[in-house]
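I opened my notebook to record what I looked up in this structure. The entries are short and follow the order in which I went.

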Amino acid sequence: MKLWGGRFTKETNQLVHNFNESLSFDQKFYRQDIRGSIAHVTMLAKQGILSEQDKVDIIRGLESIQKDLDSGALTISPDSGYEDIHSFVEGTLTERVGEAGKRLHTGRSRNDQVALDMKLYTRDEIQEMDGLLRDLLEELLAVMEANLDTFMPGFTHLQKAQPITLAHHMGAYFEMFSRDRSRLHDIRERMNYCPLGSGALAGTTYPLDRAYTAKLLDFYGPTLNSMDSVADRDYLLELLSALSIMAMHLSRFCEEIIIWNTNEYRFVEIDDSYSTGSSIMPQKKNPDIAELIRGKSGRVYGALVSLLTTMKGLPLAYNKDMQEDKELAFDAIDTVKGCLLLFTGMISSMTFRKDVMEASAKKGFTNATDAADYLVNRGVPFRDAHGIVGQLVLTCIGKGIALDDLPLEEYRAISPVFDEDVYEAISMKTCVEKRTTVGAPGQAAMRDVIAQYRKQLEQ
C-alpha cells in the first residue's frame, strides 16, 4: 500500500520501490508513529473534523496494532509492499476498522508526520541515554569516594608529571560526562516543539488546534514555521554532534585503560568478563571491549559527517534526501548506548592496583616540582632550584632509585639547603594534600567537589 498513487498509471519498478522504501528501518519508531496518530485524531475529534465514533474506532484500532506489534502477534516485513511505517500502520488500521482508518491522515502530511515521529523517537532516546550517563557518573563517583588517598602519577605528553590521586583523575572524566549529559538536556529543550499540523510545507485549511496536539504529546508548543518544521534536522545534527563528543570521551578513557592494563603499567586489572584471549598465545588477556569502544567513535563521527553532507545543499522544504537521517541516527544512538552500558560494566568490575600506581608516581619523579618548591621556600631562586633538582634526578636515575630513597648526604652534596624534613616535603601524601585550591587533588578540595557531584546526581 502507498499513501499516494492516484495520478500514476504504472506500478513502481521493484528496484525503485526497494531503493525508495524506508519500512526496513523506520519501523523502529512504530510506537512513536502510533502515539502521534492517537494525539492527531484526538485533536481532530475535538475540533469537529472527525466524529467521536471515528475517533474511538481509530484509537481502538491503533492501540490493538501496538499491542500486537509489542507482543509479536503482528510483525512488520519489508516484503509486505508497504513503503514505510506510516503506510503500514494506516493500511493495517484500515483492515481492522474499515472506513474510519482512511480518515486518519486528515489534516497532515507524511512530511510533518515523519518529522514528529523522529522528534518523539529522539526525545525518548535522549531520556534513555541520560539514564545511562547517570549510571556511569554514579560508578565514577563511587570510584572517587573510595580512592581519595590512592596516589598515582598525573601525566602531560604521556610523561609522568606530578602526583595526583585516582579520585582526581576520575573527576576529570566525571566533568566530561557531566557536560555530555548537559548537552543532551540542551538538545531536548531546543527540539521540544511539535511539527505536526505543518502539512507538507504550508500548513492546512483544516481548523487544527496545533497547541492542543503539542500538549497531548508533551511538547512545549507547536513549531512556528511550517516550512522549517518539515525541513529541520538541526536537532539530529546536534544530537550526532553530542554523541560524537561523548564517543570521543569514551575513547579517551578507553585509551588510558588500555595503557594502564599493559604489563608495563599494570595500574588496572580488567575483569575476565570484559576481556578476551588469543587464539595462539595462551598468556594473552586482551582489553578488546575497551578497544572496540575506542573504535566505535569513528562510526559515530561518520554519522555526523554524513548527515551534515546530506543536508548542506538541500533547498526548502522537504526533500527525499532527508530519509537518510534515520539509519544514521539509529545506528549512532544504538552504538553509543551500547558503549555506555559496556563501559560502565567494565569500570564497575575493574581492579585498581593502588600499590603499583603509587610506586609509579615515585619512580617517575613526580615530586620533583615539590623538591624545587622546598628550596624556593628556603630562599633559593626558582631557576636555581630547578637546576639543582634536575641534578638530583640525574643522580637517582644513575642509581635506579626514587627521590624519596636518595640519602640526605647526597641531597646536601648538591645543595646544603636540604635537611631531614625534605622527605616529608616530597612524600606523595604531602605533595597531594597541600594542593587545596578548588579543583586540585587534595583531600579537602576533593571532598567538597564530590559533595557537589553527589548533589548534582540527586537532582
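The entries below cover salt bridges, one helix pair and one surface patch. I note at the start that this is a predicted model.

**Entry 1, salt bridges overall.** I searched the whole structure for salt bridges and got 31. I then looked up three pairs and one network.

**Entry 2, E83 and R110.** How far apart are the closest N and O atoms of E83 and R110? They are 3.0 Å apart, and the two residues form a salt bridge. E83 sits in the loop between α4 and α5, while R110 belongs to helix α6 (residues 110-146), so the bridge ties together parts that are 27 residues apart in sequence. Is E83 buried or exposed? E83 has a relative accessible area of 3%, and because buried means under 20%, E83 is buried. R110 has 22% relative accessibility and counts as partly exposed.

**Entry 3, D331 and R299.** I found a salt bridge between D331 and R299, with 2.7 Å between the closest N and O atoms. D331 is in helix α12 (residues 324-349) and R299 in helix α11 (residues 288-311), so this pair ties together parts 32 residues apart in sequence. D331 is partly exposed at 28% relative accessibility. R299 is also partly exposed, at 43%.

**Entry 4, K434 and D370.** In the salt bridge of K434 with D370, the closest N and O atoms are 3.3 Å apart. I placed K434 in the loop between α18 (428-433) and α19 (443-458), and D370 in helix α14 (residues 368-376). The pair links distant parts of the chain, 64 residues apart. K434 is partly exposed, with a relative accessible area of 42%, whereas D370 is buried at 0%.

**Entry 5, a network.** Which residues are linked in a network of salt bridges? I wrote down R134, E138, E145 and R454.

**Entry 6, α4 against α5.** I turned to helix α4 (residues 52-71) and helix α5 (residues 85-97), which pack at an angle of about 115°. Their axes are 9 Å apart. The crossing of α4 past α5 is right-handed. On the α4 side, the contact residues include I58, L62, I65 and L69. On the α5 side, they include F88, V89, L93 and V97.

**Entry 7, a surface patch.** L201, M227 and L316 make a nonpolar surface patch of about 270 Å². I looked up L201 further and found it in the loop between α7 (166-191) and α8 (210-216). L201 counts as partly exposed, at 36% relative accessibility.

Terms used. Residues numbered from 1 in each chain as written. Predicted model: local features only at pLDDT ≥ 70, side-chain atom pairs only at ≥ 80, totals over all residues. Heavy atoms only, no water. Patch = residues over 30% accessible without salt bridge, like charges linked within 9 Å, V, L, I, M, F, W, Y side chains within 5 Å. Areas by Shrake-Rupley, 256 points an atom, 1.4 Å probe, with all protein chains shown as cover. Salt bridge = Lys/Arg side-chain N within 4 Å of Asp/Glu carboxyl O. Helix = DSSP H or I, 4+ residues; strand = E, 2+ residues; numbered from the N terminus. Buried < 20%, exposed > 50% of the residue type's maximum accessible area, 1.4 Å probe, protein only. Axes fitted to C-alpha atoms, helices over the stretch in contact; angles between N-to-C directions. Left-handed = near helix turned anticlockwise from the far one by under 90°. Contact = heavy atoms within 4.5 Å.
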